[in-house]
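I opened this entry to record what I looked up in one protein chain. The sequence and the structure come before my notes.

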Amino acid sequence: MSSRYYYQKDTKSFVIEQIRYINNELQLKPRLSTSKPSDYDVKHFKSILENYLNSFGFREHEGNRIDDISILDFVNRMKKEAEEQAEEEEEEQHEATLKPTRRRSALTVLSSS
């Protein structure tokens, strides 16, 4: 499989627009850099974007084309995964608070017999 991504538009402004969209939608902190010193070319911003996408399995889930639709799919997947993780953590916390109560109830039943 090629390591190359294919872009909807091979321009600095398109790549920066995608980075900003990800920053805003996922509320990234720290944010991915979009500062534009004049000597930075499109390769610099592609590297920032691709490194971030690669770290979250973009190619495996969304493919090797970077366009408005694939970035939207990526953002939606990341939001869904974050929601699922939060729900799992909430369930684990809830179960952890119930366990001592269940033990006490079992001990109460045993001691009252």
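The notes below go from the overall fold to single residues.

**Ground rules.** The model is predicted, so I take local features only at pLDDT of at least 70 and side-chain atom pairs only at pLDDT 80 or more, while totals for chains, interfaces and linings use all residues. Residues are numbered from 1 along each chain as its sequence is written, and side-chain values use heavy atoms, with hydrogens and water left out.

**Overall fold.** I looked up the secondary structure and found four helices and two strands. I take helices (H or I, at least four residues) and strands (E, at least two) as DSSP runs, numbered from the N terminus. Along the sequence the pattern reads β-α-α-α-β-α.

I then looked at burial. Of the 113 residues in the protein, 29% are buried. Buried stands for under 20% relative accessible area, exposed for over 50%, and partly exposed for what lies in between (1.4 Å probe, protein chains only). The protein exposes about 8,200 Å², and carbon and sulfur atoms supply 49% of that area. Accessible areas come from the Shrake-Rupley method with a 1.4 Å probe, and for residues only the protein chains shown count as cover.

For contacts (heavy atoms within 4.5 Å), I noted how far along the chain they reach. Among those between residues at least 6 apart in sequence, 59% join residues at least 24 apart.

**Salt bridges.** I counted five salt bridges in the structure. The criterion is a side-chain nitrogen of Lys or Arg within 4 Å of a carboxyl oxygen of Asp or Glu.

I started with Arg 77, whose side chain forms a salt bridge with that of Glu 62 at 2.8 Å, N to O. This pair links distant parts of the chain, with Arg 77 in helix H4 and Glu 62 in helix H3 (residues 58–62), 15 residues apart. Is Arg 77 buried or exposed? Arg 77 is buried, at a relative accessible area of 13%. Glu 62 is buried as well, at 17%.

Arg 77 also meets Glu 81 in a salt bridge, 3.2 Å from N to O. About one helical turn separates Arg 77 and Glu 81, because they are four residues apart in helix H4. Glu 81 is partly exposed, with 35% relative accessibility. I therefore have a buried Arg 77 with one buried partner, Glu 62, and one partly exposed partner, Glu 81. Glu 62, Arg 77 and Glu 81 are linked in a network of salt bridges.

Another pair I looked up is Asp 67 and Arg 65, whose side chains meet in a salt bridge at 3.2 Å, N to O. Asp 67 is buried at 12% relative accessibility, whereas Arg 65 is partly exposed at 39%.

**Negative patch.** Which residues gather in a patch of negative charge on the surface? They are Glu 83, Glu 84, Glu 87, Glu 88, Glu 89, Glu 90, Glu 91, Glu 92 and Glu 95. A patch is made of residues with over 30% relative accessible area and no salt bridge, with like charges joined within 9 Å and nonpolar side chains (Val, Leu, Ile, Met, Phe, Trp, Tyr) within 5 Å. Lys and Arg count as positive and Asp and Glu as negative, while His and the chain ends are not counted. The place of a charge is NZ of Lys, CZ of Arg, CG of Asp or CD of Glu. I checked Glu 95 in particular: it is found in helix H4 (residues 68–112) and is partly exposed, with a relative accessible area of 43%.

**Two buried helix residues.** Val 75 lies in helix H4 and is buried, with a relative accessible area of 0%. Setting aside residues up to four places away in sequence, Val 75 touches Tyr 21, Ile 22, Glu 25 and Leu 26. Tyr 21 is 54 residues from Val 75 along the chain, and their C-alpha atoms are separated by 8.9 Å.

Lys 46 lies in helix H2 (residues 42–54). Lys 46 is buried, at 16% relative accessible area. With the same sequence neighbours left out (up to four places away), Lys 46 touches Tyr 7, Asp 10 and Val 15.

**Backbone in the loop.** I looked last at the loop between helix H1 (12–26) and H2, where Pro 30 lies. The peptide bond from Lys 29 to Pro 30 is cis, with omega near 0°. Gln 27 lies in this loop between H1 and H2. Phi of Gln 27 is near 50°, a positive value in a residue other than glycine. Gln 27 is exposed, with a relative accessible area of 62%.
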